[in-house]
Every structure is written in C-alpha cells, then in structure tokens.
Amino acid sequence: MRIYLIGYMGCGKSTLGRRLAKHAGLEFVDMDHYIEKRNCKTIPLIFSEEGEAEFRKKERKALEELAEFSDVVIATGGGAPCFFDNVDLMNRTGQTIYLNIDPKILADRLLNSKTERPLIKGKSKEELVAFIDETLNKRNEFYTKAHFQITDPDILLDDIMKMVNS
Ligand code: S3P
C-alpha cells in the first residue's frame, strides 16, 4: 500500500496524511521534509541558492526513492505532480488522491501559515489570490489525473481507506 496525497500548497496534505497514516497503521512521509533531510538544506535555501529548476530535480529524485517505500502515506509538495512525468510515476506506483480545496480557503490558509514557501513569499493578499488563480488553472491539468479526489474537508478517514481499497 502506497498512497500519494497531491494538491496545491495549503490544501492540508500533511495534516490529512499524518492522520490517515496513523488511522490505517501506515508510515507517514512528508516529501518536503524528506528532500530537506536528503540534501541537508531547507527548501527556501535550495530555491534561493540553486533555483527552482534544481529544486525540481531534487524533488524528482526524492519521488523516485519514495516510490519504493511500502505501507506509506506520502504528502507530496504542491508542485511535485506538475513537473516531468511525476504524476504518472505516482499513478503507476500507488493510489493518488487530489485534495481539491476552494482557492479562497487556500489563500486564507497560506496567509496564516508559518511555513516559508518561496513561490509566494512577500505576496499581498490580492497578489496571492491572483497567483493561486493563475497557477491552479495550469496545475489542475496534472492534479486531476489523480485516481481519486476529495472535496469534502470533513470526509471520514474510514471512507478514504474504503475509497482507495475499492
Ligand atoms: C511548492 C510547494 C511546497 C514546496 C515548495 C514548492 C509548489 O510544498 O514543495 O515550496 O511548487 O507548490 P507544500 O505544498 O507542502 O507547501
């Protein structure tokens, strides 16, 4: 069993992933943390010192490694499915779930989040809403390739497991 949670920054992949893993007796891996540990560098530092293209290569490498983990729930980075053929690799090696959350909720969560995210750093509320609109439109092409979608934030963990086991 290998479950990938995908979706935009702030959609709740890590929070849901941790709860789902505990509920189902699986391991939990946060892909961003995994990349930071593997490279001994924070994500913001990788972006500022090496640039986004280098980050995407590291992200791909991390995904190739994580695709060999078993009995695991993986919370992927928001951009991960949208580069190379990453989403196809995820679909081939596990069950993929897209957390499809309203853009207004994403904007509110991201404005209140303590996590430093290089792509949205320093944006005002208006700039952030415009950025989400623009990038989400492009990214949805990849996110919607997931095997399953969750739009109900109150969905029961049991129902998620039933869905992936169906
Ligand atoms: C990114 C999302 C981040 C992180 C990096 C880039 C993106 O992960 O991988 O800052 O391109 O959407 P979260 O979705 O966990 O914030």
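Before I turn to the pockets, a word on classes: Ala, Val, Leu, Ile, Met, Phe, Trp, Tyr, Cys and Pro count as nonpolar, Asp, Glu, Lys and Arg as charged, and the others, Gly among them, as polar. What you see above is a predicted model, in which local features need pLDDT of at least 70 and side-chain atom pairs count only at pLDDT 80 or more, while totals for chains, interfaces and linings use all residues. Residues are numbered from 1 along each chain as its sequence is written, and side-chain values use heavy atoms, with hydrogens and water left out.

Let me start with the ligand. It is surrounded by 13 residues, the closest being Lys-13, Asp-32, Arg-56, Arg-117 and Arg-139, where near means that a heavy atom of the residue lies within 4 Å. By class, this shell holds five nonpolar, three polar and five charged residues. Among the polar contacts, which are pairs of N or O atoms within 3.5 Å, a polar side-chain atom of Arg-56 lies 2.7 Å from a ligand oxygen atom, and Arg-117 likewise places a polar side-chain atom 2.7 Å from an oxygen atom of the ligand.

Now to the second largest pocket, a pocket being an open set of points on a 1 Å grid over the protein atoms alone, where a 1.4 Å probe fits, with protein on both sides within 12 Å along at least five of seven lines, and with lining residues having an atom within 4 Å of a point. Its lining includes Leu-110, Lys-114, Arg-117 and Leu-128, and divides into four nonpolar, two polar and four charged residues.

Note on methods:
Polar contact = N/O pair within 3.5 Å; in protein donor to acceptor, adjacent residues only side chain to side chain.
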